[in-house]
Amino acid sequence: MKKNSDLNHEEKKSRKKKIAVRVVVIVVAFILISNLIATKIIYDSIFTRYDGTPDFDLNEYSELMDSGISIDIAEGNETLQGYFYDVENEKGMIVIAPGLHAGAYDYLPMTGYFVEAGWDVLSFDPLGCCKSTGKSTVGFSQEIEDLDTVLDYVEANFPDERIVLFGHSRGGFAVCSMLESNHSIEAVVTVSGLNSAMEAVIGLSERYIGKAANINYFNLWAYQVILFDKATMDIQADDAISASDIPVLVIQGAEDHTAPADAYSVYSHSDEITSDSVTYTLATEDGSNGHTDLMFDEDGVNDAMMGEIVEFYEKALAE
């Protein structure tokens, strides 16, 4: 039989062990929760509301702006600001999806080119941008929801239009995601397009803190799942393109440092895309080979690139 002193000693050891385990659990939980809170703070600081203006003179496009019909597109309790340019044509409608922290007016040069080429155009300010409501831009996946809402509006109000999509950067990711939707789209152009929300978040984070960004991968993913849902977070442009036979034109800048040609852009996944209906163009000319400047040249809008896009649309609708 053990002495009472031995029993007391073992009880004390057991209590100390239990206390130690509890302390470890509390410390780990505190670190995880603190990390998640820090992730939220940093993430939200990236996707703030955007009320900026284009870096070109809007007066040059005053006539085009006056011709645009302002439309309100309901998205739950929020409202997206849309602009419709009607040329009463028989070609179809191009829906423009802007990049992150950009609105419809940032793409007026491209809008004007499309209108002059005889296309109806519908552009919009994403949630949390310019004249749309919303306290923030929420995340890379938000424009998937925005574009889905816009296309619902287009199909309800312009049932006879043939629809093609043009997206840049975040918008380039969104237009590719529509390839897996039930919307009646006939061609997609993605310019400097991101391949997925997680790749973009981690890729951009690595630019600032290096590979250490991957340590926080789970928290970044979990927070975005809370904001959106797992199905939305699983969307990847390369998978959507591979699963579709809709014609897709992928345009990429060779010196794009925001969505690089070799990492987290749609173009970087070209070896994994299995569709026979995709075409790739790599912009290499100095001054017109970056993330945004590839849409422009020294004379203004990049006529060569825009001409290629219009030709691509017309060929897709003719087939």
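In strand β8, Ala283 is the residue that serves as bridge partner to Gly253, and I would like to start from that contact and work outwards. Before I do, please keep in mind that this is a predicted model, in which local features need pLDDT of at least 70 and side-chain atom pairs count only at pLDDT 80 or more, while totals for chains, interfaces and linings use all residues. Residues are numbered from 1 along each chain as its sequence is written, and side-chain values use heavy atoms, with hydrogens and water left out.

Gly253 belongs to strand β7, residues 248–253, where strands (E, at least two residues) and helices (H or I, at least four) are DSSP runs numbered from the N terminus. β7 pairs with β8, residues 278–283, in the parallel sense over six bridges, and pairing here requires that DSSP finds at least two bridges between the strands. Strand β6, residues 185–191, also runs parallel to β7 and is joined to it by four bridges, with Leu249 of β7 as the partner of Val189.

How many of the six residues of β7 are buried? Six of the six are, buried meaning under 20% relative accessible area, exposed over 50%, and partly exposed in between, with a 1.4 Å probe and protein chains only. In a regular strand the side chains alternate between the two faces of the sheet. In β7 both faces are covered, with Val248, Val250 and Gln252 buried on one side and Leu249, Ile251 and Gly253 buried on the other.

Let me turn to the charged pairs. Counting a salt bridge as a side-chain nitrogen of Lys or Arg within 4 Å of a carboxyl oxygen of Asp or Glu, we arrive at six of them.

One of these involves strand β6 again: Arg162 and Glu186 form a salt bridge whose closest N and O atoms are 2.6 Å apart. Because Arg162 lies in the loop between α4 (142–157) and β5 (163–168) while Glu186 is in β6, this pair ties together parts that are 24 residues apart in sequence. Arg162 is partly exposed at 33% relative accessibility, and Glu186 is partly exposed at 26%.

Lys91 and Glu314 meet in a salt bridge at 2.8 Å, N to O. This pair links distant parts of the chain, 223 residues apart, with Lys91 in the loop between β2 (78–85) and β3 (93–97) and Glu314 in helix α10, residues 303–318.

Finally, Arg49 and Asp51 meet at 3.0 Å, N to O; Arg49 is partly exposed at 27%, whereas Asp51, at 52%, counts as exposed.
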